[in-house]
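Colleague: I'd like a close look at one part of this model, a loop residue and whatever sits around it. Take your time and carry on into the neighbouring strands.

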Amino acid sequence: MIKYILAILFSCFGYGQNKIRVVDAQTSEPVSYANVWKENRIYSTTDSLGYFNYIQKDNQNYKITAIGYIDKYVDINVSNILLEPKNTILDEVIIYKPSFVHIEKYGKAKRGIMIGVNFDAKISQFIKYIPNNSKTNKVLFINSVSLYTNTSSKNRKINIVLYSVGQDGIPNEMINNENIICNLKEGRKLNKIDLKKLKIILPKEGVFIGIQHLLIEGNKYYSSENNPNRKSFCYEPFFFGTENPEKFDSWDLVDGIWKNNKKYSLNLEIEISD
């Protein structure tokens, strides 16, 4: 029997909302799926055109973060927010070419406890530690990640995130240098996300991999049953975990701090190859 743990808290806003656009300071191109932080919590996510909504009477400062850009603290009462790209200094580059001959799978994509996210996104990312148990000495690549999600509509989106393992065993630096945005299937379906083109190397010490919820209009699930004015909502998708796991291998980003989740383990699977 599938049990449901829905961490849903519906929100009702009394103030009007405005839109702000986040753009590249050098090219004026929109910065898609940037994170908008408020009080150490992800408040919103920019959409594919770089826009996000904010409440008119909110005069607090916000922090904007995006992969490949310098973090910026801003006054929200502006029309555009300009982000400066990071200047990346590359070490010596060694090019590896995947052969896709030796294939292994770690973890398990399955249904279980269904978990959601609050409208205020206190928990914005949920990731799982995957060890590198391969006996080969070859360089290994992460080909794909698979997980079940539950959505009420098609075109819900998530961002796949990967982190290195720090010396203390907690998530450290982000590995992917670009967003991995995935369109999810409608309903309770298995989603397999192909990562081959990114050529992400599986570190010897393993990897943290999981999902970031995108706090965008297209991911909102409205509670029309309780509020016909469609002002109450939570964010989809819902994903699946295992309750009371034997290993505490999953982590939440709670108010900007990584915390080991000792109640649930994220159900996902990665495929690797040499």
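Let's start from the loop between β14 and β15, where Glu186 sits. Leaving aside its neighbours within four places in sequence, which residues is Glu186 in contact with?

Modeller: Glu186 is in contact with Thr151, Ser152, Ser153 and Lys154 once neighbours within four places in sequence are set aside; contact here means heavy atoms within 4.5 Å. Before going on, bear in mind that this is a predicted model, where local features need pLDDT of at least 70, side-chain atom pairs count only at pLDDT 80 or more, and totals for chains, interfaces and linings use all residues. Residues are numbered from 1 along each chain as its sequence is written, and side-chain values use heavy atoms, with hydrogens and water left out.

Back to the loop: Glu186 lies between β14 (181-183) and β15. Strands here are DSSP E runs of at least two residues, helices are H or I runs of at least four, and both are numbered from the N terminus. With a relative accessible area of 41%, Glu186 counts as partly exposed, because that class lies between buried (under 20%) and exposed (over 50%), using a 1.4 Å probe and protein chains only. Arg156 is 30 residues away from Glu186 along the chain, yet their C-alpha atoms are separated by 7.9 Å.

One of those contacts, Thr151, takes us to strand β11 (residues 141-151), where 11 of 11 residues are buried. β11 has several partners, and strands count as paired if DSSP finds at least two bridges between them. Eight bridges join β11 to β15 (residues 187-194), running antiparallel, with Leu147 opposite Asn191 of β15. β23 (residues 269-273) is antiparallel to β11 too, over five bridges, and there Val145 faces Ile270. Two bridges link β11 with β16 (residues 200-201), again antiparallel, where Ile142 stands opposite Ile200. Another two go to β19 (residues 233-243), also antiparallel, with Asn150 across from Phe238.

Ile142 and Ile270 come up again in the largest nonpolar core: of its 28 residues, Ile142, Ile160 and Ile270 touch the most other members. Each of β9 (113-117), β10 (123-130), β11, β12 (157-165), β17 (207-213), β22 (264-266) and β23 supplies at least two residues of this core. A nonpolar core, for our purposes, is a set of buried Ala, Val, Leu, Ile, Met, Phe, Trp, Tyr and Cys residues joined through side-chain atoms within 4.5 Å. In soluble globular proteins, nonpolar side chains tend to be buried together. Ile270 doesn't stick to nonpolar company, though: not counting residues up to four places away in sequence, Ile270 touches Glu104, Lys105, Tyr106, Ile130, Ile142, Ser144, Val145 and Ile209.

For another acidic residue to set beside Glu186, try Asp24 in strand β1 (residues 17-24). Asp24 is buried yet has no salt bridge, and the nearest side chain of opposite charge, Lys72, is 11 Å away. A salt bridge would need a side-chain nitrogen of Lys or Arg within 4 Å of a carboxyl oxygen of Asp or Glu. As for charge, Lys and Arg count as positive and Asp and Glu as negative, while His and the chain ends are not counted. Beyond four places in sequence, Asp24 touches Glu29, Val31, Tyr69, Leu83 and Pro85.

Lys72 leads on to an open sheet of four antiparallel strands in the order β3-β2-β5-β6. β3 (41-45) and β6 (72-75) stand at the edges with a single partner each, so one side of each has no neighbour in the sheet. Inside that sheet, β2 (residues 35-38) pairs antiparallel with β3 over four bridges and with β5 (residues 61-65) over three, antiparallel as well. Trp37 of β2 stands opposite Ile42 in β3 and opposite Lys63 in β5. Both faces of β2 are covered, with Asn35 and Trp37 buried on one side and Val36 and Lys38 buried on the other. β2 and β3 form a hairpin with two residues between them, and Glu39 in the turn has a positive phi of about 55°.

Zooming out, the chain has zero helices and 23 strands, and 47% of its 274 residues are buried. Among contacts between residues at least 6 apart in sequence, 73% join residues at least 24 apart.
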